Amino acid sequence: MSKESTNGANIAERPNLQTIYQTEHGTAVLGMAEDYLETMEKESVDLVMTSPPFALLRKKTYGNLEQKEYVDWLVSFGPLVKHVLKERGSFVIDLGGAYKKGAPLRSLYNFRVLLGLCDDCGFHLAEDFYWHNPSKLPSPIEWVNKKKLRAKDSVNTVWWLCKSPEAKANVSNVLAPYSDRMKKLIQDPEKFYSKAKRPSGHDIDMKFGKDNGGAIPPNLLQYPNTESNSHYIRTCKAIGIKPHPARFPRALPEFFIKFLTDPDDLVVDIFAGSNTTGEAAEAFGRRWLSIECNREYVIASAFRFMEDWPESDIADFVEKAKTSKHPIRVVSKQATLF
Ligand SMILES: C[S@@+](CC[C@H](N)C(=O)[O-])C[C@H]1O[C@@H](n2cnc3c(N)ncnc32)[C@H](O)[C@@H]1O
């Protein structure tokens, strides 16, 4: 029985799981995450970073029972993820908000998922994050655009869950740029600092004028999702494949990968889609594993690692990946010259 190099899983005897391609640091698997997670070694993963499919919530006929089924389905991944996570590992799950059917009332499904993962599966909430996408179009049309009853929904909840309070994390790796005001204060503290109590009653002392390389980031992450001319998008168009419709902006997985892992750690996306997580992990020298059940999405996700590939080689890869039973190596063409 052969072992997969990057992730310690053994899929040799699972006909419903297939490694489609491998890069320098990662492995892209076609299959159902629940099947693959079962094959993985216990406590082998440092970070699971993912965004599940929202299909059930989008269905026009969506009712309470279906919502409960969706929550139960998602929470059923909790024990599988917990099993493969290291003791100091993290599980980060991005969940878009939704309205109840036929009323301007919010679904509580994302909070139920959080409660299920904590109360039923034993995860802890390390911190709740909110991803604000300023480029989101106003929706839902009925309540926002037509009846003007609700504000536009442009924030996703991102739950950072952990197994232990000692979860690995280093906020110094994700410092935010200083504000202009802070930059001035650092340049000339005497001129720009006046000792006064803040409205909160806290005394600000001069050590706040020290340059730490950036500001501690807030748990509100602001990333527009406006990618339209990346290599991935351009190649999808050139090859005639539809780009994945619900991609992360790369900055989102990048933030959590830098924050919660070290180089060479293993990052897994269990609902990988176009493998934005894998791309971010590869760029920062983390090992990665992506699991996605749609073959076309897995094949197209390889474009992310083919920046310097001629289009004809990419087209050959696509044809091969449709039928090949063996993992295809996807590395920079530059790397193969040496
Ligand atoms: C919201 S998308 C993820 C998008 C991804 N974050 C990106 O940046 O491209 C969720 C993906 O999960 C996949 N999926 C749904 N159920 C799955 C399962 N049981 N195992 C693996 N993948 C699944 C869907 O095909 C879909 O591509």
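Select helix 11 (residues 276-283) in this predicted model, together with the elements that its buried residues pack against: strand 2 (26-30), strand 3, helix 10, strand 8 and strand 9. The buried members of the helix are Thr276, Thr277, Gly278, Glu279, Ala280 and Ala281. Because 6 of the 8 residues of helix 11 are buried, the rest of the structure largely encloses this helix. Just after helix 11, display Gly285, which has a positive phi, near 70°.

**Strand 8**

Next, select strand 8 (residues 266-269). Which way do its side chains point? Leu266 and Val268 point one way, while Val267 and Asp269 point the other way, and all are buried. In general, the side chains of a regular strand alternate between the two faces of the sheet.

Add strand 9 (287-292) to the selection. Strands 8 and 9 run parallel and are joined by 4 bridges. One position to mark is Leu266, which stands opposite Arg287 in strand 9.

**Strand 3 and its partners**

Move now to strand 3 (residues 45-50), where 6 of the 6 residues are buried. Strand 3 pairs with strand 8 in the parallel sense over 2 bridges; to see this pairing, show Val48, whose bridge partner in strand 8 is Val268. Strand 3 also pairs with strand 4 (residues 85-95), again in the parallel sense, over 5 bridges. Here the residue to display is Leu47, with Ser90 of strand 4 opposite.

**The nonpolar core**

Keep Leu47 and Val48 on screen and add Ala302: these three have the most contacts inside the largest nonpolar core, which has 69 residues. Which element gives the most to this core? Helix 10 (residues 251-260) does, with 6 residues.

Then centre the view on Ala302. Neighbours within four places in sequence aside, Ala302 is in contact with Tyr21, Ala28, Phe317 and Val330.

**Around the ligand**

Turn to the ligand and select the 19 residues around it. Which of them come nearest? They are Ala33, Phe271, Gly273, Ser274 and Thr276. Helix 1 (33-39) and strand 9 are the elements that give two or more residues to this shell. Thr276, already seen among the buried residues of helix 11, thus appears here again as one of the nearest residues to the ligand. Colouring the shell by residue class shows 10 nonpolar, 6 polar and 3 charged residues.

**The whole protein**

Finally, zoom out to the full chain, which contains 14 helices and 10 strands. Of the 338 residues in the protein, 33% are buried. Among contacts with a separation of 6 or more, 71% are between residues 24 or more positions apart.

Colour the protein by pLDDT to close the tour. The average is 89, and 86% of the residues score at least 70. Where is the pLDDT below 50? Select residues 1-5 to see such a stretch, which has 10 contacts in the model beyond near neighbours in sequence. Predicted coordinates should not be read in detail where pLDDT is low.

Methods:
Residues are numbered from 1 along each chain as its sequence is written. This is a predicted model: local features need pLDDT of at least 70, side-chain atom pairs count only at pLDDT 80 or more; totals for chains, interfaces and linings use all residues. A residue is near a molecule or strand if its C-beta atom, placed from the backbone, lies within 6 Å of it. Ala, Val, Leu, Ile, Met, Phe, Trp, Tyr, Cys and Pro count as nonpolar, Asp, Glu, Lys and Arg as charged, and the others, Gly among them, as polar. pLDDT is the predictor's confidence in each residue, from 0 to 100. Two residues are in contact if their C-beta atoms, placed from the backbone, lie within 7 Å. A residue is buried if 20 or more other C-beta atoms lie within 10 Å of its own, exposed if 12 or fewer, and partly exposed in between; C-beta atoms are placed from the backbone. A nonpolar core is a set of buried Ala, Val, Leu, Ile, Met, Phe, Trp, Tyr and Cys residues joined through C-beta atoms within 7 Å. Two strands pair if DSSP finds at least two bridges between them.
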